[in-house]
Amino acid sequence: MSDYPVELEDLYGGTTFHYRKNSLAKPHLYIILTEPEDIKGAIAVVSVNITTQRQTKRGSDTTVVLNIGDHPFITAPSVVSYVDAEFFSTEKLLRYINEERSLSDDIEDDVLRKIQQGLLISDFTPLE
């Protein structure tokens with residue numbers, strides 16, 4: 001984990017943070033997959049979140065399954081939610097991380113590469 005305040009150079013492929021989409025949502029582990037870059041006039045990164053693997057009728061996207069030991073936050077078999085892959089404005093992300101103190105341990109390089117490759121092959125990844 002990092003000291004605060006977190007700055008732009010602290011956001012890179014493999015950086016992880018805890019994020020909740022709204023005040024009622026449970027925080028999920030998010031992983032930044034790309035280096036910051038200009039996307040439509042704003043500096044942004046691509047990130048995905050990790051969620052517990054579900055054995056429901058609809059099931060989980062199992063393109064990449066993560067297990068205990070792949071990151072300290074993972075305590076049960078989990079999957080990368082490629083359907084929720086999104087661009088994050090680094091300006092808004094830095095503000096959130098610093099206000100919530102939500103930075104987490106970086107993901108290991110081999111796990112990051114597996115997740116990045118999954119982004120390209122998952123049938124659930126948004127086209128954008």
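This is a short tour of a predicted model, with a suggestion at each stop of what to select next.

**Stop 1: strand 1 and its partners**

Begin by selecting residues 16-19, which form strand 1. Show the side chains and look along the strand: Thr16 and His18 point one way, while Phe17 and Tyr19 point the other way. Are these four buried or exposed? All of them are buried.

Now add strand 2, residues 28-32. Strand 1 and strand 2 are antiparallel partners, joined by four bridges. To find one of these pairings, select His18 and look for Leu29, its bridge partner in strand 2.

Strand 1 also pairs with strand 7, so add residues 103-104 to your selection. These two strands run antiparallel as well, with two bridges between them. Here Thr16 has Ser104 of strand 7 as its bridge partner.

**Stop 2: strands 4, 5 and 6**

Next, select residues 42-52 for strand 4 and residues 78-89 for strand 6. Eight bridges hold this pair in antiparallel register. A good place to see the pairing is Val45, which sits opposite Phe88 of strand 6.

Strand 6 has another partner to look at: strand 5, made of residues 65-66. Two bridges link strand 5 and strand 6, again in the antiparallel sense. Select Val65 and you will find Val79 of strand 6 opposite.

**Stop 3: Ser47**

Stay with strand 4 and pick out Ser47, which belongs to that strand. Its relative accessible area is 0%, so Ser47 counts as buried. What is around Ser47? Leaving out neighbours within four places in sequence, Ser47 is in contact with Phe17, Tyr30, Ile31, Ile32, Leu33, Asp84, Ala85, Glu86 and Phe88.

**Stop 4: Phe88**

The last name on that list makes a handy next selection. Phe88 is a residue of strand 6. With a relative accessible area of 8%, Phe88 falls under the 20% limit and is therefore buried. Which residues does Phe88 touch? Not counting residues up to four places away in sequence, they are Phe17, Tyr19, Tyr30, Ile43, Ala44, Val45, Ser47 and Leu93.

If your viewer has a distance tool, try it from Phe88 to Leu24. The two are 64 residues apart in sequence, and their C-alpha atoms are 20 Å apart in space.

**Stop 5: the nonpolar cores**

In soluble globular proteins, nonpolar side chains tend to be buried together. To see this model's largest nonpolar core, which has 17 residues, select Val48, Leu66, Val80 and Ile115, the members that touch the most others. Strand 2, strand 4, strand 6 and helix 2 (109-121) each supply at least two residues of this core. Helix 2 is the biggest contributor, giving four residues.

Zoom in on Val80. Beyond residues up to four places away in sequence, Val80 touches Val48, Asn49, Ile50, Asp61, Val64, Leu66 and Ile115. Apart from this core there is another one, with 13 residues, including Val6, Phe17, Ile32 and Phe88.

**Stop 6: the second largest pocket**

Rolling a probe the size of a water molecule over the atoms shows where empty space is left. For the second largest pocket, select Lys26, Ile50, Thr51, Thr52 and Phe73, the lining residues that lie nearest its centre. The pocket has a volume of about 230 Å³, and 13 residues line it.

Where does the lining come from? Strand 2 and strand 4 each supply at least two of its residues, and strand 4 gives the largest share, with three. Colour the lining by residue type and you should find six nonpolar, five polar and two charged residues.

**Stop 7: two loop residues**

Finish in the loops. Select Lys40, found in the loop between strand 3 (37-39) and strand 4. Lys40 is not a glycine, yet its phi is positive, at about 55 degrees. Its relative accessible area is 74%, so Lys40 counts as exposed.

Then go to Arg101, in the loop between helix 1 (90-100) and strand 7. Arg101 also has a positive phi, near 50 degrees, in a residue other than glycine. Its relative accessible area is 55%, which means that Arg101 is exposed.

Key
Residues numbered from 1 in each chain as written. Predicted model: local features only at pLDDT ≥ 70, side-chain atom pairs only at ≥ 80, totals over all residues. Heavy atoms only, no water. 1 Å grid on protein atoms, 1.4 Å probe; cavity = no way out; pocket = protein on both sides within 12 Å on 5 of 7 lines; lining within 4 Å. Points joined across faces, edges and corners; volume = space filled by probe spheres on them. Nonpolar A, V, L, I, M, F, W, Y, C, P; charged D, E, K, R; others polar. Pairing = 2+ DSSP bridges. Core = buried A, V, L, I, M, F, W, Y, C linked by side-chain atoms within 4.5 Å. Buried < 20%, exposed > 50% of the residue type's maximum accessible area, 1.4 Å probe, protein only. Contact = heavy atoms within 4.5 Å.
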